[in-house]
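Here are a few exercises to work through at your own pace. Have the sequence and the model open, and try each task before reading its solution.

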Amino acid sequence: MRVIVQRVQASRVEIDGAVSGEIGQGLMVLLGITAEDTKEHCDFLVDKLVHLRIFTDEQEKMNLSLKDIGGEMLIVSQFTLYGDCKKGRRPSFVAAARPETAIPLYEYFIEAAKQQGIKKVATGQFGADMQVYIQNDGPVTLMLDTDEIMRRGVK
């Protein structure tokens, strides 16, 4: 499982001109899922995200988490995070999970985030053509990959 997470002042997703989900200050999460991912990966990554200290405190140091600031989270499925551009000029997406595997994990990920007591959890729509608007704060953008983090046993 792989995420691109951005600290945002605001973010929203539109589908066919209508807002599907929007948040104020918080985290914009682009979520990529592979066929090998499990609910354990979701739980690990959600816990990591809500406790990741990337918001600034009164001394302007990244010392506060999403929970600490009472922030919000927008989660958007993003199979292209597993795009392989090593050969040719067209990315291959064979590493991305098929919808029958990805949709239940995407939905589980959303519910796991809600169970963390996040003020607001908003979403896009799996498989839809979405317009994503991101007001990145900082900018702060990080990539987290469970293959790398969980393999090392890092929390």
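**Exercise 1. Classify F93 by its accessibility in this predicted model.**

Solution. Start with the value: the relative accessible area of F93 is 30%. Next, recall the cut-offs: buried means under 20%, and exposed means over 50%. F93 therefore counts as partly exposed.

**Exercise 2. Find the partner ring of F93 and name the geometry of the pair.**

Solution. First, a search of the whole structure gives 2 aromatic pairs. In one of them, the ring centres of F79 and F93 are 5.0 Å apart, with an angle of 70° between the planes. Planes over 60 degrees apart count as edge-to-face, so that is the label for F79 and F93. Now place the two residues: F79 and F93 are both in the loop between strand 6 (72-77) and helix 3 (99-115), 14 residues apart. Finally, check the cover on the partner: F79 has 48% relative accessibility, so F79 is partly exposed.

**Exercise 3. Describe the pair formed by Y106 and F126, and say which parts of the chain it ties together.**

Solution. Begin with the geometry: the centres of Y106 and F126 lie 5.8 Å apart and their planes make 55°, which is a tilted pair. Then locate the residues. Y106 belongs to helix 3, while F126 sits in the loop between strand 7 (121-123) and strand 8 (131-145), so the pair ties together parts 20 residues apart in sequence. Last, look at accessibility: Y106 is buried at 4%, whereas F126 is partly exposed at 27%.

**Exercise 4. Outline the fold of the protein chain and decide how its compactness relates to that of a globular protein of its length.**

Solution. Count the elements first: the protein chain has 4 helices and 8 strands. Read from the N terminus, their order is β-β-β-α-β-β-α-β-α-β-β-α. The radius of gyration is 15 Å, close to the 15 Å from the globule rule for 155 residues, so the chain is as compact as a globular protein of that length. Along the principal axes, the C-alpha atoms fill a box of roughly 45 × 45 × 30 Å. Turning to the interior, 44% of the 155 residues are buried. Among contacts between residues at least 6 apart in sequence, 74% join residues at least 24 apart.

**Exercise 5. Summarise the surface and the charges of the protein chain.**

Solution. The accessible surface comes to about 8700 Å², and carbon and sulfur atoms account for 47% of it. For the charges, take the mean position of the 19 positive ones and that of the 22 negative ones: these two points are 5 Å apart.

Methods. Residues numbered from 1 in each chain as written. Predicted model: local features only at pLDDT ≥ 70, side-chain atom pairs only at ≥ 80, totals over all residues. Heavy atoms only, no water. Rg over C-alpha atoms; globule rule 2.2 N^0.38 Å. Buried < 20%, exposed > 50% of the residue type's maximum accessible area, 1.4 Å probe, protein only. Contact = heavy atoms within 4.5 Å. Areas by Shrake-Rupley, 256 points an atom, 1.4 Å probe, with all protein chains shown as cover. Lys, Arg positive; Asp, Glu negative; His and termini not counted. Charge placed at Lys NZ, Arg CZ, Asp CG, Glu CD. Phe/Tyr/Trp six-rings, centres within 6.5 Å; stacked < 30°, edge-to-face > 60°.
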